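Got your viewer open? Here's a short tour, one selection at a time.

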Amino acid sequence: MSLSMKRIFAIVRKDRKDSMKSANIVPVLLIPVGMALMFAYVMPRDLDMMFEMYVGVILLNLLFISGVVPANSLAEEKEKGTLRMLLYTPTSIAELLIGKNIHYFCLSLIGVLLSLLILQVPISWGYFLVAVIPVAFFCIVLSSTVGLLANNNGQIMITLFPIIMGMYFISSMADLYNVASFIQLNAFYRSRSFTMLFM
């Protein structure tokens with residue numbers, strides 16, 4: 001069975017309208033942009049912390065918008081009973097999942113770009129294609145899986161919160177490790193022992 005773009009975009013339009021009405025989804029969409037505004041205008045511009053702030057804002061966008069919102073949307077559909085009604089239509093499960101997730105995938109990428117513009121960071125399109133898009137896709141898949149398995153928003157938060165916090169802390173530690181290894185490598189190159197290796 002082939003995918004119908006007409007049905008997929010009908011689901012995208014329906015999900016866009018539903019997400020703007022939901023009391024659970026709108027605050028989650030605003031948190032990363034609010035953090036970017038806080039970092040840009042309230043926090044002091046310390047050069048040592050700027051890299052961590054930028055990575056943190058990008059991760060907040062990806063983890064909150066791609067990681068939490070699709071699961072909340074699926075849980076709300078299950079609680080209202082509209083997910084079952086959608087399954088009785090000629091729409092396939094693949095079209096349903098693609099349609100529900102395209103909206104949040106695009107929102108997370110727009111959120112990252114908006115946050116980087118607020119922080120006045122030059123956008124590296126190579127980094128965006130290699131790092132941001134795959135992480136957003138992974139978060140969407142994880143969130144959709146949890147959203148399909150959970151029965152309500154409480155179960156989603158209990159399941160996703162430790163996973164998202166773990167991903168955030170692991171990526172933060174990786175950033176600190178990269179900074180520390182760069183400092184050590186820089187010190188090694190500048191030391192006399194490096195020049196003695198080639199003499």
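One cut-off to keep in mind before you click on anything: a residue is called buried under 20% relative accessible area, exposed over 50%, and partly exposed in between. Try it on Val135 straight away: its relative accessible area is 31%, so Val135 goes down as partly exposed. Bear in mind throughout that you're looking at a predicted model.

**Whole chain**

Zoom out and colour by secondary structure. You should find nine helices and zero strands, so to speak an α-α-α-α-α-α-α-α-α pattern when read along the sequence. Now switch on the surface: about 11800 Å² of the protein chain is accessible, and carbon and sulfur atoms account for 73% of that. Of the 199 residues in the chain, 38% are buried. If you like contact maps, take the pairs at least 6 apart in sequence: 82% of those contacts join residues at least 24 apart.

**Val135 and its distant partner**

Back to Val135, which sits in helix 7 (residues 125-149). Add Leu63 to the selection and draw a C-alpha to C-alpha distance: the two are 8.7 Å apart in space and 72 residues apart in sequence.

**Helix 4**

Next, select residues 69-80, which is helix 4. From first C-alpha to last, its 12 residues reach 16 Å, close to the 16 Å expected at 1.5 Å a residue. Is helix 4 mostly covered or mostly open? Mostly covered: nine of the 12 residues are buried. Show those as sticks: Val69, Pro70, Ala71, Asn72, Ser73, Leu74, Ala75, Glu76 and Glu77. Step just past the end of the helix and you land on Gly81, with a positive phi near 90 degrees.

**Helix 4 against helix 6**

Keep helix 4 on and add helix 6, residues 93-118. The two pack at an angle of about 145 degrees, and their axes lie 10 Å apart. The crossing is right-handed. Which residues make the contact? On the helix 4 side, pick Val69, Pro70, Ser73, Leu74 and Glu77; on the helix 6 side, Lys100, Asn101 and Tyr104. Colour them by class and you get four nonpolar, two polar and two charged residues. The spacing of the picks is worth a glance: an α-helix has 3.6 residues a turn, so residues three or four places apart point the same way.

**Helix 1 and the loop before helix 6**

Now go to Ile11 in helix 1. With a relative accessible area of 5%, under the 20% cut-off, Ile11 counts as buried. Leaving out residues up to four places away in sequence, Ile11 touches Thr91, Glu95, Leu96, Gly99 and Lys100. For another distance, try Ile11 to Ile102: they're 91 residues apart along the chain, with C-alpha atoms separated by 9.5 Å.

Follow one of those contacts to Thr91, in the loop between helix 5 (82-88) and helix 6. Is Thr91 buried or exposed? Thr91 is buried, because its relative accessible area of 12% is under 20%. With the same neighbours in sequence left out, Thr91 touches Arg7, Ile11, Leu86 and Leu96.

Last stop: Phe9, also in helix 1 (residues 5-21). Phe9 has 38% relative accessibility, so it counts as partly exposed. Finish with a distance from Phe9 to Leu96: 9.8 Å between C-alpha atoms, across 87 residues of sequence.

How values were computed: Residues numbered from 1 in each chain as written. Predicted model: local features only at pLDDT ≥ 70, side-chain atom pairs only at ≥ 80, totals over all residues. Heavy atoms only, no water. Axes fitted to C-alpha atoms, helices over the stretch in contact; angles between N-to-C directions. Helix = DSSP H or I, 4+ residues; strand = E, 2+ residues; numbered from the N terminus. Left-handed = near helix turned anticlockwise from the far one by under 90°. Contact = heavy atoms within 4.5 Å. Nonpolar A, V, L, I, M, F, W, Y, C, P; charged D, E, K, R; others polar. Buried < 20%, exposed > 50% of the residue type's maximum accessible area, 1.4 Å probe, protein only. Areas by Shrake-Rupley, 256 points an atom, 1.4 Å probe, with all protein chains shown as cover. Expected span 1.5 Å × (residues − 1).
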